[in-house]
Amino acid sequence: MFASGWFGLSFSFPLLATSFHYGYSFTGFLGLMGSAPFPVISFVYLRANSTMLRYGRFIPFFILAILSALFILYSRSGFIEIIVLADISQGFWWISMEISLNLISGKNNAEKYSVGWGIPNAIIPIVSGFIIQYLGFDALFVVATAFFLLGLFFIPSVQVEKLPERYSGVKKRFVIPLMFAGIVAGFLYYVFVPILRNEGISYSIIGSLVSVYAVSSAAGYIILNFIRNLKIQSYSIISSLFLLSAFFIIYTRSPVFLVLILVMVGIGASIAMSKILSYISQTSSPRIGVFYYETFFGIGFTIGSFALGTLYQYTGPEYVSALFLFPVIYIVYEAAGYLKA
């Protein structure tokens with residue numbers, strides 16, 4: 001419910017900014033505002049207790065339901081203020097849930113969590129695109145408000161009196177692909193979507209293209225639950241290989257090639273965000289694990305949205321695409337160590 005409300009609401013942010021004639025640097029700044037709270041909140045939650053987790057799973061539903069409704073009245077005059085408040089509020093929910101994964105009974109909670117938000121991430125963009133295209137932005141805000149209110153009936157209960165002591169055995173180099181996944185996601189949602197809109201692509205087609213990326217990610221999350229576990233080093237290399245295909249997204253508007261690229265990066269993101277989260281969960285205490293997860297992904301999302309948006313606006317696409325080649329260095333380094341071992 002939360003993911004459905006949030007992905008619908010946030011899908012409108014760069015499109016609204018584009019309709020108000022803001023440039024790519026500004027839409028990228030909105031991406032920065034969406035990612036910056038995560039490392040900060042996860043750092044605060046290093047000292048989280050069960051009360052903080054409980055409120056973090058509950059209060060954001062109320063706040064975001066109110067903010068979604070306020071967008072109907074103040075989408076132009078209060079545009080930036082509402083987005084900033086929404087971005088901060090959503091960060092508390094995701095981080096509270098991620099810390100709680102190790103405190104809930106059952107196996108493969110990280111993978112289940114990825115499926116839980118991955119499926120709405122696949123469906124909501126295309127639905128949102130059609131809603132905006134045929135009913136307008138206000139209708140999307142009404143739907144988002146409804147999802148947040150419905151979510152209040154499905155809040156999980158976590159019975160824990162004291163969180164585990166903090167410890168970490170995470171090898172940080174295996175977490176780097178999360179940053180690559182963040183770069184791709186930040187660029188796609190906050191730079192590439194406005195590029196497509198400025199080129200006259202309809203909201204419905206934009207939503208469909210974003211859903212291609214999200215559907216492939218969701219499919220990856222589901223399939224990974226049934227695949228024999230590999231070493232984390234293997235997952236990191238494979239994820240980076242798939243994410244490399246983002247290099248070509250600037251240079252084609254062919255529907256076939258765009259779909260192929262989005263499928264590739266979607267699979268790469270699913271491997272990074274599911275298996276690396278699982279690795280972090282198994283090798284560190286919940287609070288430290290979430291700090292690593294959100295910090296690496298948040299840095300990447302900031303680079304992909306704000307840095308690449310600014311670069312695209314003032315220098316052009318060639319410099320942007322070059323930055324998508326960074327995984328090559330990582331792949332060569334890790335592959336050499338893998339073969340040596």
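His21 is placed in the loop between α1 and α2. The model is a predicted one. The phi angle of His21 is near 70 degrees, a positive value in a residue other than glycine. His21 counts as exposed because its relative accessibility, 73%, is over the 50% cut-off. Tyr22 and Val143 are 121 residues apart in sequence, and their C-alpha atoms are 25 Å apart in space. Val143 belongs to helix α7, residues 137-151. With a relative accessibility of 33%, Val143 counts as partly exposed.

The nonpolar interior was examined next. The largest nonpolar core has 102 residues. Trp6, Leu9 and Trp94 have the most contacts inside this core. Helix α8, residues 176-198, gives the most to the core, with 15 residues. In soluble globular proteins, nonpolar side chains tend to be buried together. Trp6 touches residues from several parts of the sequence. Beyond residues up to four places away in sequence, its partners are Phe13, Leu64, Ala86, Asp87, Gln90, Trp94 and Phe148. Trp94 thus appears both as a contact of Trp6 and among the residues with the most contacts inside the core.

Trp6 also takes part in the lining of a cavity. The structure holds four cavities of 30 Å³ or more. The largest cavity has a volume of about 590 Å³. Its lining is made up of 31 residues. Trp6, Phe7, Gln90, Phe297 and Phe301 lie nearest the centre of this cavity. Gln90 is also one of the residues that Trp6 touches. Several helices share the lining of the largest cavity: α1 (2-19), α2 (24-35), α5 (79-100), α6 (109-134), α8, α9, α11 and α12 (286-314) each supply at least two residues.

Two of these helices were followed through single residues. Ile123 lies in helix α6. Its relative accessible area is 45%, and Ile123 is therefore partly exposed. Ile123 and Gly207 are 84 residues apart in sequence, yet their C-alpha atoms are 9.3 Å apart in space. Phe180 is found in helix α8. At 6% relative accessibility, Phe180 counts as buried, because the value is under 20%. The C-alpha atoms of Phe180 and Ile303 are separated by 9.5 Å, although the two residues are 123 residues apart along the chain. With neighbours within four places in sequence left aside, Phe180 is in contact with Ser240, Leu243, Phe326, Pro327 and Tyr330.

Ser240 and Leu243, both contacts of Phe180, are among the buried residues of α10. This helix has 12 residues, which should span 16 Å at 1.5 Å a residue; the end C-alpha atoms are 16 Å apart, so the two values agree. Helix α10 is mostly covered, with nine of its 12 residues buried. Those nine are Ile232, Gln233, Ser234, Tyr235, Ser236, Ile237, Ser239, Ser240 and Leu243. Ser234 was considered further. The residue is placed in helix α10. A relative accessible area of 11% makes Ser234 buried. Ser234 and Ala335 are 101 residues apart along the chain, while their C-alpha atoms are separated by 8.7 Å.

The loop between α10 (232-243) and α11 (255-283) contains Thr252. Thr252 counts as buried, at 14% relative accessibility. Its side chain reaches the backbone nitrogen of Ser254 at 3.1 Å. Apart from neighbours within four places in sequence, Thr252 is in contact with Phe257, Leu258 and Ile261.

A further buried polar residue, Ser216, is found in helix α9, residues 203-224. At 7% relative accessibility, Ser216 counts as buried. The side chain of Ser216 reaches two backbone oxygens. One is that of Tyr213, at 2.8 Å. Another is that of Leu262, at 3.4 Å. Not counting residues up to four places away in sequence, Ser216 touches Leu262, Val263, Gly266 and Ile267. Leu262 is thus in contact with Ser216 and also offers its backbone oxygen to the side chain of Ser216.

Technical notes: Residues numbered from 1 in each chain as written. Predicted model: local features only at pLDDT ≥ 70, side-chain atom pairs only at ≥ 80, totals over all residues. Heavy atoms only, no water. Helix = DSSP H or I, 4+ residues; strand = E, 2+ residues; numbered from the N terminus. Buried < 20%, exposed > 50% of the residue type's maximum accessible area, 1.4 Å probe, protein only. Polar contact = N/O pair within 3.5 Å; in protein donor to acceptor, adjacent residues only side chain to side chain. Contact = heavy atoms within 4.5 Å. Expected span 1.5 Å × (residues − 1). Core = buried A, V, L, I, M, F, W, Y, C linked by side-chain atoms within 4.5 Å. 1 Å grid on protein atoms, 1.4 Å probe; cavity = no way out; pocket = protein on both sides within 12 Å on 5 of 7 lines; lining within 4 Å. Points joined across faces, edges and corners; volume = space filled by probe spheres on them.
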